[in-house]
Each structure stands twice: as structure tokens, then as C-alpha cells.
Amino acid sequence: MATKKDARVMVILECTSCIRNSVKKVPTGISKYITQKNRHNTPNQLELKKFCPYCYKHMIHGEIKK
């Protein structure tokens, strides 16, 4: 039996501008959100304005690969 591709996919949103104050100071986003998007309606990468607890303000969170 053939499996049908689902229109809804799980995506991970990561803060694009926060850097945690650690020893390495790696410029990767720390604040992450998990949400769903419809693949047919939004084929481009998703970007939403969400609250980042490390920056203490609303920042743009972009979609990352799993």
C-alpha cells in the first residue's frame, strides 16, 4: 500500500540573534520552539516573531533543518 505524504510537517524555530554567555560564545540560537506548518501553503522557510527568554525580548525565530 502506498503511503500518502502529509501536508503538515513539524518544524523547529530557533532564535536568529541570541548568543548565550558561555565560555565558547558560539553564535547559534538557543531559544527553540517546535510548531507545525502546512507544506503546500508555505513552501518557503517559516519566520515568526517569538519571545526569547535569553534576550528578554521578542525576536525573529527562523526555521532550521532537523
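**View 1. Strands S1 and S4 run antiparallel and are joined by 4 bridges.** Welcome to a predicted model, which we will tour strand by strand. S1 covers residues 8–15, and S4 covers residues 57–64. A good place to pause is Glu14, which stands opposite Gly62 in S4. Gly62 also faces S3, where Glu47 stands opposite this glycine. Gly62 of S4 is therefore flanked by Glu14 and by Glu47, an arrangement that fits the strand order S2-S1-S4-S3, in which S2 and S3 stand at the edges.

**View 2. An open sheet of 4 strands, in the order S2-S1-S4-S3, is seen as a whole.** The pairing in this sheet is antiparallel. Strand S2 (32–38) and S3 are the edge strands, and each has a single partner, so one side of each is left without a neighbour in the sheet. On average, neighbouring strands are turned by 45 degrees against each other, with direction ignored. The secondary structure comes to 0 helices and 4 strands, and along the sequence it reads β-β-β-β. Of the 66 residues in the protein, 23% are buried. Among contacts with a separation of 6 or more, 46% are between residues 24 or more positions apart.

**View 3. The hairpin of S3 and S4 has 4 residues between its strands.** Here S3 and S4 pair in the antiparallel sense over 6 bridges. Look for Tyr56 in the loop between strand S3 (47–52) and S4. Its phi is near 60 degrees, a positive value in a residue other than glycine. Is Tyr56 buried or exposed? At 68% relative accessibility, Tyr56 counts as exposed. Further along the hairpin, the bridge partner of Lys50 in S4 is Met59.

**View 4. His61 is a buried residue of strand S4, with a relative accessible area of 0%.** A polar atom of the His61 side chain lies 3.2 Å from the backbone oxygen of Met59. Which residues surround this histidine, once its neighbours within four places in sequence are set aside? His61 is in contact with Leu13, Glu14, Cys15, Ser31, Tyr33, Leu46, Glu47, Leu48, Lys50, Phe51 and Cys52. Two members of that list, Tyr33 and Lys50, return in the next view.

**View 5. Lys50 lies over the face of Tyr33.** The distance from Lys50 to the ring centre of Tyr33 is 4.9 Å. Both residues are also in contact with His61, so it is worth keeping that histidine in the frame, buried as it is at 0% relative accessible area. As for pairs of aromatic rings, the count comes to 0.

**View 6. Met59 is a residue of strand S4 that counts as buried at 19% relative accessibility.** The cut-off for buried is under 20%, so Met59 falls on the buried side of it. Leaving aside neighbours within four places in sequence, Met59 is in contact with Cys15, Ser17, Leu48, Lys49, Lys50 and Cys52. Lys50 is also the bridge partner of Met59. Met59 and Glu14 are 45 residues apart along the chain, and their C-alpha atoms are separated by 9.9 Å. The backbone oxygen of Met59 is the atom that lies 3.2 Å from a polar side-chain atom of His61.

**View 7. Glu63 is found in strand S4 and makes polar contacts through its side chain.** Is Glu63 buried or exposed? At 18% relative accessibility, Glu63 counts as buried. One polar contact, of 3.2 Å, joins the side chains of Glu63 and Lys37. The side chain of Glu63 also reaches the backbone nitrogen of Leu46, at 3.0 Å. Which residues does Glu63 touch, not counting those up to four places away in sequence? They are Val11, Ile12, Leu13, Lys37, Asn44, Gln45 and Leu46. Lys37 and Leu46 thus appear both in this list and as polar partners of the glutamate side chain.

Methods: Residues numbered from 1 in each chain as written. Predicted model: local features only at pLDDT ≥ 70, side-chain atom pairs only at ≥ 80, totals over all residues. Heavy atoms only, no water. Phe/Tyr/Trp six-rings, centres within 6.5 Å; stacked < 30°, edge-to-face > 60°. Lys NZ or Arg CZ within 6 Å of the ring centre and 35° of its normal. Helix = DSSP H or I, 4+ residues; strand = E, 2+ residues; numbered from the N terminus. Buried < 20%, exposed > 50% of the residue type's maximum accessible area, 1.4 Å probe, protein only. Polar contact = N/O pair within 3.5 Å; in protein donor to acceptor, adjacent residues only side chain to side chain. Contact = heavy atoms within 4.5 Å. Pairing = 2+ DSSP bridges. Axes fitted to C-alpha atoms, helices over the stretch in contact; angles between N-to-C directions.
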